[in-house]
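Work through these short exercises with the sequence and the 3D view at hand. Try each task before you read its solution.

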Amino acid sequence: GETWGLAVNEAMASGKAVIISDKCGCEFDLMQGENEKFVFESGNEDHLIDCMSSILEDNIYVKMGIKNQQQIKSFTYHSFKSALEKLLS
């Protein structure tokens, strides 16, 4: 299985909408709230097609891209360092 999916971070930073499988480790950190409905069951083609169709409705992909770009701004080296320091102290 896929462990994280750094391409997801890169797409979000570029203001793009994303659809990921439930095998992608970033699901729990990046795909919360409204984004949850764009996580498909790995190997389930029908579920993927549903996600792809849903993201096109009412230009959701545009709105999602804007939100993603804002959300991913908090994923920085400094925020990681701070979280790690808290964990290790």
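**Exercise 1.** In which helix is Ala11 found? Then list its contacts beyond its neighbours within four places in sequence.

*Solution.* Ala11 lies in helix H1. Helices are DSSP runs of H or I with at least four residues, numbered from the N terminus. Leaving aside neighbours within four places in sequence, Ala11 touches Lys16 and Val18. Contact means heavy atoms within 4.5 Å.

The model is predicted: local features need pLDDT of at least 70, side-chain atom pairs count only at pLDDT 80 or more, and totals for chains, interfaces and linings use all residues. Residues are numbered from 1 along each chain as its sequence is written, and side-chain values use heavy atoms, with hydrogens and water left out.

**Exercise 2.** At what angle do H1 and H4 pack? Name the residues that make the contact.

*Solution.* Take the axes, lines fitted to C-alpha atoms over the stretch in contact; angles run from 0 to 180 degrees between N-to-C directions. H1 (residues 6–13) and H4 pack at about 110 degrees, with axes 7 Å apart. H1 is therefore roughly perpendicular to H4 (65 to 115 degrees). H1 brings Asn9, Met12 and Ala13; H4 brings Asn68, Gln69, Gln71 and Ile72.

**Exercise 3.** Which residues of H3 and H4 meet?

*Solution.* Start with the geometry. H3 (residues 45–56) and H4 (residues 60–72) pack at about 85 degrees, with axes 6 Å apart. H3 and H4 are therefore roughly perpendicular. Ser54, Ile55 and Leu56 of H3 meet Ile60, Tyr61 and Met64 of H4.

Notes. Helices (H or I, at least four residues) and strands (E, at least two) are DSSP runs, numbered from the N terminus. Angles under 35 degrees count as roughly parallel, over 145 as roughly antiparallel, 65 to 115 as roughly perpendicular and the rest as oblique.
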